[in-house]
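Got the viewer open? Let's take a short walk through the strands, one selection at a time.

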Amino acid sequence: MTRETMTFDFVIVGAGPAGLSAAIRLAQLGRARNKTPDICVIEKGETVGAHILSGAVLEPTALEQLLPDWRERQPPPHTPVTQDRFHFLTPKHHLRLPTPPQMKNHGNYIISLGLWCRWLAEQAEQMGVSIFPGFPATELICENNRILGVITGDQGRDKTGEPTARFQPGIALRARQTLFAEGCRGFLSEQLMRQFRLRENCDPQTYAIGIKELWEIPPGMHKPGTVLHTVGWPMPHNTYGGSFLYHADNQRLALGFVTGLDYSNPWLNPYELFQQWKTHPSIAPLLASGKRLCYGARCLNEGGLQSLPRPVFPGGVLTGCAAGFLNVPKIKGIHTAMQSGILAAESVFEAQSGETCTVFMKKLQDSELHRELYRARNIRPAMKWGLWPGLVYSAIDTVLLRGQAPWTLKNTADYASLNKASLSPKPHYPSHDGRITYDLMSSVWLAGTRHDEKQPVHLKLKNENVPVTVNLAEYAGPEQRYCPAGVYEFIRPENESPYLQINAPNCVHCKACDIKDPTQNIVWTPPEGGSGPRYEGM
Ligand SMILES: Cc1cc2nc3c(=O)[nH]c(=O)nc-3n(C[C@H](O)[C@H](O)[C@H](O)COP(=O)(O)OP(=O)(O)OC[C@H]3O[C@@H](n4cnc5c(N)ncnc54)[C@H](O)[C@@H]3O)c2cc1C
Ligand code: SF4
């Protein structure tokens, strides 16, 4: 097959905060040295921001560094945080706890990361960066064990992979250096980690799934700038996670529930936990007269410093959540993604084609980003001991030891944590009222997700039998519950064996199945460009 080839100095995969910060920094470096590097950013979403989902409270440190005059550049709404609340919930009551130091948000802003990425993309374009939304990178260009760019996905193949009348082959984007900024559990980033053994000297990466809704609530209930985090009910005591609720601008309320993917009970259902949490007496009144506007889900990294892979290989680097630069106790990865993007840009700017930029590792080691992640490294692993022991340890580690404990706690892989269904208690989740709590399919509708049903299924099974012989038989089909979009359904025809039906068009690209499947049998691959959610303001 002949395909078009385009050549750039730098190709950046992913228009999130990491990729766009890298693009802007590269353009700035070019301008400072009277050079005009060809910089290209590709994004799998239909538009920049369409696949972006975050909380989000922005710590503006990296933004100040990247664009010191950002306030004069007509940025999207950003509501200064006016108060932090940290509550422990029981089924009927809430107890206010002291806000942990890392979760204090004085000087931070409540934003929609999707809107901010659109704005960052505009800033980059004004500096000469080419941004192509609707183009997923699906293959690496690898020659002599060096990465020389990526190939974008083909359009117009049928279910069996055969070209149809509207077939268009993907484009080869060749680059001196390629920066991978695909976010959490990036498809090509994971391939690179395997190919170049980038994870050889680190712990396994660990994750959580965050499910979010955006609501509009009446003015009387809306307190712009208020940030609430809760732990406790309805999360089982042995499972890590909790909620966030942010009063943003324009009567918007961003709320969500984060569940650590190291949970052990295969009956657990993160979506239903979120719905149940909304019925708490301290939350439900906020929503009672409100309107739900949007729904979505996305995984986030939780492994921290000890789970960071080597982020360099011949011809490119990994940045942002593709590598795992997220500060878990802060529940913040935007400023760290931006910071890693900035450092990556500064490291690759002068590099030769195919060169391994080890200078990136040196810059990271000497950075505030590294110091921040070092101080935070033991908090999340300690949560494996349960909520209260974890909180007590966190207080000691943070306040007494100041993050300098002479030990580093270990992470283990999430997919290996499930107990057998027959040995696990089956939780009861209440039915939905259609006012505060909703069924899964009406939620997925609000994600605006779309995939052409005629394209090849982008969720691949390495072994077609495993879902029934292992997942269903031993774990009661956990993918039916952890997938926040109802993609996986076990069908039981009368007098026939059950089988797994994959409703791929519903997928919101959260990556939970790629992470949590107990035998690592499910592989998420990028579908045709522009497929997936169409988030507005997430
Ligand atoms: C529920 C939730 C709440 C959060 N709350 C906060 C918060 O309050 N504050 C905070 O600082 N952080 C928060 N985070 C974390 C923060 O959102 C991430 O750390 C941050 O977005 C990571 O930035 P990134 O650029 O690395 O990746 P992403 O933001 O994930 O961006 C990656 C981009 O790359 C695109 N992409 C992926 N693969 C390809 C491909 N192969 N080809 C082309 N494009 C591709 C994606 O579509 C996406 O647009 C939260 C995360 C979640 C899930
Ligand atoms: S199929 Fe996988 S990636 Fe898609 S929404 Fe479900 S769990 Fe997330």
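Keep in mind that you're looking at a predicted model. Start by selecting strand 1, residues 5-13, together with strand 13: the two run parallel and are joined by eight bridges. To see the register, click on F10, which stands opposite Q177 in strand 13.

Now stay on strand 13 itself, residues 172-180. How many of its nine residues are buried? Seven are, so call this strand mostly covered.

Next, add strand 10, residues 146-152. This one runs antiparallel to strand 13, with three bridges between them. Pick out G149 and you'll find its bridge partner, R174, in strand 13.

One more neighbour to add: strand 20, residues 316-318. Strand 13 pairs with strand 20 in the parallel sense, again over three bridges. Here the residues to click are T178 and its bridge partner in strand 20, G316.

Time to move to another stop, an open sheet of seven strands. Colour them in the order 6-5-15-16-17-14-18 and you'll be looking at mixed pairing. Strand 6 (94-97) and strand 18 (291-301) stand at the edges; each has a single partner strand, so one side of each lacks a neighbour in the sheet. Turn the view and follow the twist, which averages 20° from one strand to the next.

Within this sheet, select strand 14 (residues 207-216) and strand 17 (residues 252-260). They run antiparallel, joined by nine bridges, and I209 has T259 in strand 17 as its bridge partner.

Last stop: helix 11, residues 387-400. Helix 11 lies across strand 5 (83-89), strand 6 and strand 15 (226-232), and runs at about 145° to strand 5.

Technical notes
Residues are numbered from 1 along each chain as its sequence is written. Chains are lettered from A and ligands numbered from 1 in the order in which they are written. This is a predicted model: local features need pLDDT of at least 70, side-chain atom pairs count only at pLDDT 80 or more; totals for chains, interfaces and linings use all residues. Side-chain values use heavy atoms; hydrogens and water are left out. Buried means under 20% relative accessible area, exposed over 50%, partly exposed in between (1.4 Å probe, protein chains only). Helices (H or I, at least four residues) and strands (E, at least two) are DSSP runs, numbered from the N terminus. Two strands pair if DSSP finds at least two bridges between them. Axes are lines fitted to C-alpha atoms, for helices over the stretch in contact, and angles run from 0 to 180 degrees between N-to-C directions. Contact means heavy atoms within 4.5 Å.
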